[in-house]
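Student: I've got a model open and I'd like to learn how to read its binding sites. Can you walk me through it?

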Amino acid sequence: MTLPRIVIERCQYLARCSEEAGAITRPFASEAMRCAHERVSEWMREAGMAVRRDNVGNLRGGFEGTGKTTLLLGSHLDSVRNAGKYDGPLGVTVAIAAVQRLHDAGTRLPFAIEVLAFADEEGLRFGSIYLGSRAVAGTFDLADLARTDGDGTTMRDAIRAFGGDPDRIDDDKWSGGPLLGYCEVHIEQGPVLEARNLPVGVVSAIAGQGRHRITFTGEAAHAGTTPMDKRRDALVAASVFVQAVEDYAGSDEGLVATVGQLEVRPGAANVIPGEVALSLDVRHPDDSERVVASRRLLDIAAEIAKHRNIGLASSQISANATVPCSRRLASTLVRAVQDLGHPLVELASGAGHDAVAMSAITEVGMLFVRCKGGVSHNPAESVTTDDVAVAIDVLSRFLELLAEDNPK
Ligand code: GLV
Ligand code: MN
Ligand code: MN
């Protein structure tokens, strides 16, 4: 079987590592993740890598070079709920394929490669994103260990149950000497490459994002006996807010804002909702505009709550500034794309990636692969074997060019 076909089959195989039958849901430190680790570690070993799992739960494959520097490659193995097959696993399996090619040819580069299969990029289980890459970058917030999942399990206990030591997350920090950079292959998750009929594109920057948790607190009461004018319905307040978020974001060109989670309590057909907790995700390529928009949306939530005599609490879950990709790595990727005879497009990413966290310790570069219909975070996510072949070729050429530019 050809390497591109192997990559597609591996992504399909990983889709079966899920905690939900008939859907792909692979949270941080779950049994589904353990299933993924078993296979990915085999694939890493087959490609000549020494494999280890770190405390936070990243799988790390090391491929020796002849010099003292290291290039990091990778992406994430966790998923959103009811995910597609390629968001994350594509980057991990393409990186392994590129190393496999070196291994099969008996090639050693002047730098080592470490393939990082990150434990958590999406934040599905604990709300906090980039857990795996932040541990490697040394920016993991130890306060996150006290976060609880939907079942009340703390992150500390989840890490321990998965086999890591939550008190030694600091040991996961990169300590392997000088880095040449971090390069991530990822599906585009948007429509640009398809519209231009291009298999791959080079990422120029990754848009900043902020996440908040907002709780509206009204009063739970009887649905049959409480007159309409005496209610303090938290869900109605939240609904007005959800509409306001869409209206506000729709009025600003670069802004996107989403309410993606809503918890209604007590959650019974005959009880007026007393409390609603929701997530707010705000993104803009310009960080100052994002901060202004987030502030305005929180003010709008406060106005709605006040008008309806409803309590409001909010907290910021995460905030990441826009990260520019390194010119050095982007221009090496550009040369690789052009050497292979493909037209070039450089594009910004609206989605967040582990490269954001990795930018704290090294220069980052990303290669996007065309995705069918621009659809992602959806089971319909799809890439073609031909495009995967281009991605592996570009990454391999990128490694050659980097070796020429960094002979030792
Ligand atoms: C990651 O997929 C994101 O939310 O951008
Ligand atoms: Mn994603
Ligand atoms: Mn992703």
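Tutor: Sure. Keep in mind that this is a predicted model. Let's begin with the residues lining a ligand.

Student: Okay, which residues surround ligand 1?

Tutor: The shell consists of E121, E122, Q209, R211, R283, A351, G352 and H377. Sorted by class, that gives four charged residues, three polar ones and one nonpolar one.

Student: Which side chains have an N or O atom paired with an oxygen atom of ligand 1?

Tutor: For polar contacts, look for N or O pairs within 3.5 Å. The side chain of R283 puts an N or O atom 2.7 Å from a ligand 1 oxygen. For H377 the corresponding distance is 3.0 Å, and for R211 it's 3.2 Å.

Student: And how much of ligand 1 does the protein bury?

Tutor: On its own, ligand 1 would expose 190 Å², and the protein buries 94% of that.

Student: Now the metals. What coordinates the manganese ion that is ligand 2?

Tutor: With a metal, list the donor atoms and then see where they sit along the chain. For ligand 2, the donors come from D87 (OD), E122 (OE, listed twice) and H377 (NE2), at 2.0 to 2.7 Å. Their spacing in sequence reads D-x34-E-x254-H. D87 is in the loop between strand 3 (70-76) and helix 3 (89-105), while E122 is in the loop between strand 4 (112-118) and helix 4 (131-137), so this pair ties together parts 35 residues apart in sequence.

Student: Are D87 and E122 buried or exposed?

Tutor: Buried, both of them. Buried here means under 20% relative accessible area.

Student: What about ligand 3: which protein donors does that manganese ion have?

Tutor: H76 (NE2), D87 (OD) and H186 (NE2), lying 2.0 to 2.3 Å from the ion. Along the chain, the pattern is H-x10-D-x98-H. H76 lies in strand 3 and D87 in the loop between strand 3 and helix 3, so they tie together parts eleven residues apart in sequence. H76 is buried, as is D87.

Student: D87 keeps coming up. How far apart are the two manganese ions, and which residue coordinates both?

Tutor: Ligand 3 and ligand 2 are 3.5 Å apart, and D87 coordinates both of them. H377 is another residue to click on: H377 is a donor to the manganese ion of ligand 2, and its side chain also has an N or O atom 3.0 Å from an oxygen of ligand 1. E122 likewise appears in the shell of ligand 1 and among the donors of ligand 2.

Terms used. Residues numbered from 1 in each chain as written. Chains lettered and ligands numbered in written order. Predicted model: local features only at pLDDT ≥ 70, side-chain atom pairs only at ≥ 80, totals over all residues. Heavy atoms only, no water. Near = heavy atom within 4 Å. Polar contact = N/O pair within 3.5 Å; in protein donor to acceptor, adjacent residues only side chain to side chain. Areas by Shrake-Rupley, 256 points an atom, 1.4 Å probe, with all protein chains shown as cover. Nonpolar A, V, L, I, M, F, W, Y, C, P; charged D, E, K, R; others polar. Donors = N, O, S within 2.8 Å, 3.2 Å for Na, K, Ca; no water. Helix = DSSP H or I, 4+ residues; strand = E, 2+ residues; numbered from the N terminus. Buried < 20%, exposed > 50% of the residue type's maximum accessible area, 1.4 Å probe, protein only.
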